[in-house]
Structures are given as C-alpha cells and as structure tokens.
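Trainee: Before I trust the labels put on a model like this one, I would like to hear how each label is earned. Could we take them one at a time?

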Amino acid sequence: SLTGGMMESRFTERASGTQHHSAMLSAGSTRSSLGFGGTYEQAGAIVPGGSSGYRGTFGGARTMLGPLRLDATMRYADVHFVAPSNPLLGTTPVPSTIRPLLEAQEIENETYGLTADYQTRSWWRQTLVVGLDRHAGAIAPQREPATVADALLGATKENAAKSSLRYAMALQLVESPELSLGATLGAERSVLLRERLGYRSDLSGTGSGLASLYSDRVNNSGMFGQVKLAVHDAFFLTAGLRGEHNSSFGDNFGTAFAPMVGAAFTRDLGGATVKFRTAYGKGIRPPQPNARRAIQTLGFRQLANPDLMPEVQSGTEAGVELYVGDRANLSLTTYSQTADGLIQQVVANRRMNARTVQFQNVGQIHNRGIELEGSARTGSLRGDLTWA
C-alpha cells in the first residue's frame, strides 16, 4: 500500500508532503505459519516545526512440534516528532520544566516474545512465556504523581529495558457431568532496568546536554494459584491467591498478597434462566520505581521512604442476571470498592529553601454504586437499556 498527499495551512508559507507506505508478507501451512511487515509514515508541518515520522516493523511465527506449540512475535518502532507551540498563543516564555517538550524528540520501542505451550495430556497443560521490551527516548506518559516528580527533577528522556519470564500449569483434576475441578499454578519474574536523563545545568548548574538523574533496577517476583469448581453445571466457585514482591516497595515492607473468591448459582425457570453471583477481590499497584528513594537536584529534593507500600484496591460485588432464551436479558449489579494507600507527594519541610517532598501512602477513595443493563429483540428490532 502506497499513499501520498499534500497538507497546508495559513500558518506555513508552503504546502508540505505527507506519505504512508506499508507492506506485509505471509506464508504458512497447517502446522507452521509466518508473517512479516513494515510501515513508513511521514507527515509535514501544518504549523512551524510540527512534523512527525514513523518507521516500524512487525512479525510473528507459529509452528507445531507434536504436543509442543511455539509462538514468536517481534515489533520495532522508531518515532520522531516535534511538539510545537500553538501559533494562536503568540510567543510566550517557556518554563524550564516543559522546555524539552518543544524540542525534536525521538522514541524507539522494541518488543520480542516467545511462548511455548506444551500439552501431552488433555488434563495437563504447561505454558512458558519469555519476553524482552526496550524503550529509549522521550518519557512515555505515566500516572500523574511520577510525572510531576520527574518534571520537577528536569527529566526529559529515559532508557529502559525489561525482561520477563512466566510459567503456568493448568490441571483438570476432575471432569464428570456432576463435578468439575480445575487448578492453575504459576510463577513469574521480571527485571526492569531504567535510567532517567535530565539537563546537566539542572543537576550541577553548569554545562550543557543531558546527564543521568538516577538509575533504577526493579525486580518483581510473583506466585499465583487458582481453583475452579463446578457442581452439576449449576453452582460455580472460583478462588485464587497471588503473592508478589517488588523492589519498588519500601525496604520495611515485605510481600503483598492479593486474594479473590467468587461464587455463582444458575437455575432454569421455565423458559428463562436466572443466575445469582457474588465476588470479592483485592489487587495491588506497586509504587513508581523512583518513589521510595532519595533524589536531589539544585532546586528539588525528594526524601526516601522505607515504609512506602503498594496501592491497594479491594471490593465486593453482587448481582443477578435473567435470560429469556436469546430474545431478552437483564442484569443488575451492586458493588463497593475501596482504593487505599494511594501514593501522593507530601511537602516534607516547608522551611527549607529547596522544595522538599516525599512520596507517602495518604490517599483513599471509596466507590459504590448500582448498574442495570438489559436488551431485548423481536424480529429486526432490538433495544438496549443501561442505567447506573
């Protein structure tokens, strides 16, 4: 596919070109397949300095070797762009914290993955996943607290690489018309290496160019298990537990546990089916890698927090669902969730000359509500209802 054109606006003296080209090749048989492709894009400026470009490749392959299935994927992307100032706003002084956003940026992303699925018995399946991700260039968008901290530090670029390994085993322990029992067990490990770069003048007050603000190594290890039980295809019970340790936790915090349990009961009533369900779950989100450590520049100081914990969200839900064949359905759900230990920046000492902050678990949000959803159809007419 080849595409080309021209763009212009009243903010530029002449029209600029735009183009988009892509190609893909695929081949395969009943046991093996392969696909590979690439994309090239270039967009000219409709405001001064606002051009952008993209180059990317992607590919995948699959093969079957008896009970073993292998899947491989790869992706590479090279993006370059300029985020210009709005010409309608005229010329205004640019704060140093957003100065890097108005300069030419280049971002490289690449991902490689391999999945091995091995199943010698119908009741036993093993899966191994290996992955590698790399990022270099402008800082990718994040949630607000870390973004604010890095802006105050003067961070503009990063180099990051993450390797991950995951193993899971699924077992069907019992399988009969009256009873079904299955279990899943697994473990995973990932290592993230990240370096944040900022202007040397913000660090030492002299010189030009970029220098390393800080480097992180984030080790994450987790183990998980889940059990599923079904009785007479009417009562269903699911329970699971995950334990996780992350080096971004404060030094005084150990392992975080996230349990979940859910139950459902279905029953036929004439031409309709009714389903009752309830569940409880808990999940965590680790702190940003730089949140627990001490960092200092000429105009900013961050204190270490050895007691920093992951953010936690837990909650319950209950509901009922009604199905009348494939003609109508109605679902009512009520839920209550609490997000606790939300991480925020706290001003540690207002009397110090340099701004001094510390990340702490200080926020909490409680959310509860009711949701109603349904649909019905007759002939070629269909109606949908939602209420919250």
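Mentor: Let us begin with the word contact, which means that heavy atoms lie within 4.5 Å. Keep in mind throughout that this is a predicted model.

Trainee: With that cut-off in hand, which residues are in contact with E244 once its neighbours within four places in sequence are left aside?

Mentor: E244 is in contact with N220, S221, G222, F249, T255, A256, I284 and P286. E244 itself lies in strand β11.

Trainee: Why is E244 called buried?

Mentor: Its relative accessible area is 11%, and buried means under 20%, so E244 falls on the buried side of that limit.

Trainee: What makes the meeting of the E244 and N220 side chains a polar contact?

Mentor: The distance that joins them is 3.2 Å, and the limit for such a pair of N or O atoms is 3.5 Å, provided that one atom can donate a hydrogen and the other can accept it. The pair therefore counts as a polar contact.

Trainee: S248 sits in the loop between β11 and β12 (256-269), so why is S248 called buried?

Mentor: The label follows from the area, because a relative accessible area of 3% is under the 20% cut-off. Leaving aside neighbours within four places in sequence, S248 is in contact with V218, P287, Q288, P289 and R292.

Trainee: What makes the phi of H232 and that of D233 worth a remark?

Mentor: Most residues other than glycine have a negative phi. H232, which is not a glycine, has a positive phi of about 55 degrees, and D233, likewise a residue other than glycine, has a positive phi near 55 degrees. H232 lies in the loop between β10 (210-231) and β11 (235-246), and D233 is placed in the loop between β10 and β11 as well.

Trainee: Why do H232 and D233 count as exposed?

Mentor: Exposed means over 50% relative accessible area; H232 has 55% and D233 has 60%, so H232 and D233 are both classed as exposed.

Trainee: How do you know that R55 and D78 meet in a salt bridge?

Mentor: The separation of their side chains, N to O, is 2.2 Å, and the limit from a side-chain nitrogen of Lys or Arg to a carboxyl oxygen of Asp or Glu is 4 Å, so the pair qualifies. R55 in strand β4 (residues 52-65) and D78 in strand β5 are 23 residues apart, so that the pair links distant parts of the chain. R55 is partly exposed at 43% relative accessible area, whereas D78 is buried at 2%.

Trainee: Does the rule read the other pairs in this way, and what makes R242 with E188, and R194 with D216, salt bridges?

Mentor: Set against the 4 Å limit, the N to O distance of R242 and E188 is 2.6 Å, and the closest N and O atoms of R194 and D216 are 3.2 Å apart. R194 in strand β9 and D216 in strand β10 are 22 residues apart in the chain, and both of these residues are buried. As for R242, its 22% relative accessibility lies between the buried and exposed limits of 20% and 50%, so R242 counts as partly exposed. A network of salt bridges links R166, E188, R242 and E244, and a search of the whole structure finds 18 salt bridges.

Trainee: How do you know that β5 and β6 are paired strands?

Mentor: Pairing needs at least two bridges, and 15 bridges join β5 (residues 68-82) to β6 (residues 104-121), which run antiparallel; R69 stands opposite D117 in β6. Strand β6 is also joined by 13 bridges to β7 (residues 124-138), again antiparallel, where the bridge partner of I107 is G137. With 2 residues between them, β6 and β7 form a hairpin.

Trainee: What does the chain contain as a whole, and what percentage of it is buried?

Mentor: There are 2 helices and 19 strands in the chain, and buried residues make up 27% of its 388 residues.

Methods. Residues are numbered from 1 along each chain as its sequence is written. This is a predicted model: local features need pLDDT of at least 70, side-chain atom pairs count only at pLDDT 80 or more; totals for chains, interfaces and linings use all residues. Side-chain values use heavy atoms; hydrogens and water are left out. Helices (H or I, at least four residues) and strands (E, at least two) are DSSP runs, numbered from the N terminus. Buried means under 20% relative accessible area, exposed over 50%, partly exposed in between (1.4 Å probe, protein chains only).
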